[in-house]
Structure formats: C-alpha cells, structure tokens
Amino acid sequence: MKKLRWAMDGAFWDLDMSTPVTLDGVARPVPGDPLPLPLGLSRGIKLTRPKQVDFMHRFMFMPLVPSYSADGLALQRVLTVPFGDNWFASVLGQFNLQKLVTSVKEGGMKKRSPGSSWFKNARKYLCDKSLYALGFCTEYLITQDDVLLLSSEVYGDNKATRNKAVFLHKFPRHDLTVEAVLPGLFVEKSGEYWDVPFFIGMDLASIGSNSGSSYHLCIQHSNGAAKQFVGHQNLETPQTVVPGLCVKAGYAIKKSVDIWRRKEDKLKMVLPFDIFLSDPHISMSGILGTVVSGSLEDNIARSQRENEPQTSGGFGLHLPGNKFKLSGDLFASLSCTAQHGHFQRLFSDLTLVRARLDFSSGSKFISGAARLALDHYNSKPLDLAMLEPICPDVTLSLQQQIVGEFIFRVDSKLGFNFKGGELQPHVHETIYAVEYALKVLGSAKAVAWYSPKHKEAMVELCFFET
C-alpha cells in the first residue's frame with residue numbers, strides 16, 4: 001500500500017474501498033464519482049482479505065474475525081494451503097451469527113412438536129445455507145514483480161457467485177493493475193451498492209515520493225444492466241447500464257513541508273510503536289493536478305434523485321448522437337498535520353490532529369471567486385449562494401493514544417450549504433475506529449472501524465511501505 005496515494009489520491013481517483021459486504025472486502029466507486037472517505041479507506045494495492053484474516057489468526061490470537069453489514073454480524077475463518085514459496089491458496093468461510101440468533105428467536109415463538117428435541121432444532125438452524133458463505137482464492141507469484149490473483153465467492157442465500165481475476169505488475173516506480181470482475185460491485189457516495197454483470201479495468205500509476213510529480217491512467221469497461229445490491233440480494237430496479245468505455249488520465253504535483261519537527265527527548269533503547277508516528281511535528285502537504293476523462297456511453301447508470309442537483313465543472317464536450325463525453329478539470333488538496341508525543345510511552349504520548357481541504361473542481365472555484373470579486377468591485381451585496389462553489393470539502397481527523405499500542409480515532413467529512421441566506425455546515429460522514437499498532441513490523445496496524453452512515457464495521461490490516 002502506498003502511503004501517499006492512500007492518504008490523498010483516494011479523493012480524486014477511483015480506488016477500491018474497504019467494505020464488509022463481500023468476502024474479499026473491497027468495492028469500487030462508481031466511475032467519475034470518487035469517494036473521499038476518512039480513515040484512508042480508499043486504498044491502493046494491499047494484502048488480500050484471506051491473508052489478512054490468516055495473519056490475525058496466527059499472530060493476533062483472533063480465531064474468528066468479526067464484520068458487520070446489512071446482513072448482520074458475521075464471523076470469518078480462513079484455511080490456507082501454501083504450495084511452495086510462490087503459490088498460495090485459501091478457503092475463507094463466513095458464518096452469519098446474527099441471522100442464526102434471529103432464526104432461533106423466531107423459531108422459539110412457534111410451538112414445538114411433542115417429539116422435537118434440542119439437538120434436532122439446533123441441527124435445523126445450523127443447516128440453513130443462508131448462514132454461510134465461502135470464498136476461494138489463489139495467489140500465484142509468477143516473478144518477483146508479477147502476481148496473478150484468482151478468487152470466487154459463493155453465498156448460501158442465493159445461487160449467485162462473484163468471480164475476480166487480478167494481475168499485478170511492478171515496473172520501476174510504477175504499478176500496473178489489470179482486473180476483471182464478474183459481476184463487479186460498485187458503491188455510490190450515498191452508500192448504495194450496485195452489481196454490474198461484467199467489469200474490466202486497467203490502472204497504471206506512478207509511485208511518487210512525498211514531494212514531486214506523478215501521473216495516473218485508468219481504462220475501464222463495463223457491460224450489462226446494473227442491479228441494486230442489498231444484503232446479497234439483487235433488486236430489480238429500472239437502472240440500465242449501456243456497454244461503455246471510460247478512459248481517465250491525470251497528472252499531479254505533490255509537495256510536503258515540515259514546519260517544525262522534534263527528534264529529541266526520545267526514550268533510549270525503546271522502539272516506538274509506529275516509526276511513522278515517532279516524531280512530534282507540524283507539517284503541511286498539498287497536491288495540485290488535472291484530470292481528463294472521456295467515455296463512450298454511460299458505463300455506470302447512477303441513481304438520480306430529485307433533490308440531488310446535477311452539477312458539473314471544468315470543460316466538457318457531449319455528442320448525443322455518438323453518446324461521447326469528454327471532460328476535464330483541475331483539483332487540489334491541502335492538509336495540515338500536528339502531532340504531540342513520540343508514541344513510545346504507555347500513556348499520553350500521542351495526539352495527532354489532521355485537517356484536509358479538498359477542492360474537487362478548480363474551474364468552479366476560479367469562476368466563483370471571480371464572480372465574488374466582481375460583485376465586490378461593483379459594490380454589490382454579498383450573495384452567500386456564490387460561496388458554495390468555492391468552499392472545499394473538509395476532512396478532520398483526531399488520533400489519541402488510549403494505552404500502549406491502542407489508539408482511538410475519529411474522522412469526519414464536512415461540507416457547507418447556503419440556504420435561506422445562511423451558512424449551514426453539515427457532516428457528510430463520520431467514522432470511528434480503534435487502531436492497534438503492530439510494533440514488531442515497524443509501521444503496520446490492525447484497524448477496527450465503524451461507519452454509522454453505512455452501518456458497517458470491519459477489522460482489517462494496514463501495512464505501509466517505507
């Protein structure tokens with residue numbers, strides 16, 4: 001997982017999002033509708049879900065790994081079979097505990113037959129196929145720089161399966177990902193999930209440092225009619241997906257500056273719980289870039305709501321006869337981080353506050369600022385509605401050490417509306433988490449997070465490259 005991409009680029013690129021609704025733990029955002037979620041949940045290449053669960057079994061004393069979604073509370077267990085140093089296979093089993101409890105409660109309300117026994121009733125409940133799901137995964141290391149991943153998911157509550165093939169290649173300072181999914185799971189900002197019968201995509205991204213330039217190229221193709229996905233059930237909705245091709249390219253310049261950093265006063269002969277959180281500091285980082293995208297047909301039909309305004313920024317070209325769209329815009333992000341403590345002591349040795357401003361449309365910001373400046377020059381009264389295009393999305397994050405390796409974290413995404421002549425800030429989403437720093441690995445952590453908006457919870461591992 002690339003730390004800088006994981007922290008900032010997820011606000012502007014269609015990176016995978018962590019989710020407990022699938023066994024492999026990932027979903028893609030609707031193309032053109034990136035998800036700037038807190039906690040770095042939008043991420044790049046990382047350990048597969050079976051390897052994460054296997055690590056928790058072996059080294060974190062977790063025989064069962066919990067997750068929570070619309071289907072309820074589920075428990076996961078994995079069986080791994082290594083075939084040498086370059087071939088890894090696994091079977092990930094999931095048991096829905098909440099469905100079992102609900103079935104037992106509902107069955108207890110009914111009259112039992114005179115000859116029924118506790119064993120027969122328990123067997124009846126445990127034999128319910130809807131309680132189970134299985135994920136089969138094999139990962140083959142072709143070379144040191146090439147990985148082939150094949151996976152399939154089977155759910156007991158219906159006959160649908162989810163199949164995926166991923167090829168990863170590591171060029172010098174570049175990552176190439178080719179992925180095919182049948183069907184593909186997509187998610188909107190509203191939290192609604194959509195199944196697309198077929199999706200294939202290629203992602204080429206340069207690996208940049210904390211400062212410097214980078215670029216990103218995505219090619220995506222989808223085919224079939226989208227169906228709304230709720231609790232492993234595809235709802236028949238009048239949303240149609242036309243076979244389409246989408247190409248997205250962007251270039252960005254990143255800069256990170258330390259305003260203040262202190263490396264003294266550390267405990268001698270004591271390793272910090274996380275090497276990336278070992279220095280108190282105040283720093284700023286920013287990213288400025290441009291994105292150009294073209295599409296032939298709408299590759300994903302998103303739900304349209306009457307109360308959701310459809311706005312667009314940047315330049316655009318739409319040819320209805322050919323159903324061709326071309327658009328482009330600027331984007332920018334500015335973040336400030338302040339940390340207290342070296343994260344070495346057991347108590348009160350880490351407090352980290354981070355604020356990030358995301359400007360998703362540079363054209364809207366420039367036109368809105370110019371309009372306000374012109375009104376001020378002409379001595380016109382301030383129109384608060386004109387402030388909305390220039391106001392960025394704000395992400396606030398707080399991390400506070402609880403004790404030892406444990407950290408409590410809360411991330412909130414804020415926005416602003418101007419209605420009735422008043423400024424009305426609102427919270428898009430808040431995510432709560434408890435992090436456990438894996439000290440022996442230098443910089444890695446297990447994260448248990450909960451999203452009240454999506455009503456989802458998950459335990460996963462996050463590893464960083466130095």
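In the predicted model, Gln220 has Cys246 as its bridge partner in strand 17. This pair belongs to a wider antiparallel arrangement, in which strand 14 (residues 212-223) is joined to strand 17 (residues 244-261) by 11 bridges. Strand 17 is in turn joined to strand 18 (residues 281-296) by 16 bridges, and these two strands likewise run antiparallel; within this pairing, Val247 stands opposite Gly294 of strand 18.

Tyr215 also lies in strand 14, and its relative accessibility of 40% is the reason why Tyr215 counts as partly exposed, given that the intermediate class lies between the limits of 20% for buried and 50% for exposed residues. When neighbours within four places in sequence are left aside, Tyr215 is in contact with His174, Leu204, Ala205, Ser206, Gly250 and Tyr251. Among these residues, His174 makes a polar contact with Tyr215 at 2.5 Å, a contact formed between the two side chains. For Ala205, which is 10 residues away from Tyr215 along the chain, the separation of the C-alpha atoms is 6.1 Å.

Turning to the nonpolar residues, the largest nonpolar core comprises 16 residues, of which Met56, Met60, Met62, Val65, Leu438 and Leu461 touch the most other members. At least two residues of this core are supplied by each of helix 2 (49-59), strand 25 (444-451) and strand 26 (456-463), with helix 2 giving the most, namely 3 residues. Met60, one of the core members named above, touches Phe55, Tyr436, Leu438, Ala446 and Leu461 when residues up to four places away in sequence are not counted. In soluble globular proteins, nonpolar side chains tend to be buried together.

Note on methods
Residues numbered from 1 in each chain as written. Predicted model: local features only at pLDDT ≥ 70, side-chain atom pairs only at ≥ 80, totals over all residues. Heavy atoms only, no water. Helix = DSSP H or I, 4+ residues; strand = E, 2+ residues; numbered from the N terminus. Buried < 20%, exposed > 50% of the residue type's maximum accessible area, 1.4 Å probe, protein only. Contact = heavy atoms within 4.5 Å. Polar contact = N/O pair within 3.5 Å; in protein donor to acceptor, adjacent residues only side chain to side chain. Pairing = 2+ DSSP bridges. Core = buried A, V, L, I, M, F, W, Y, C linked by side-chain atoms within 4.5 Å.
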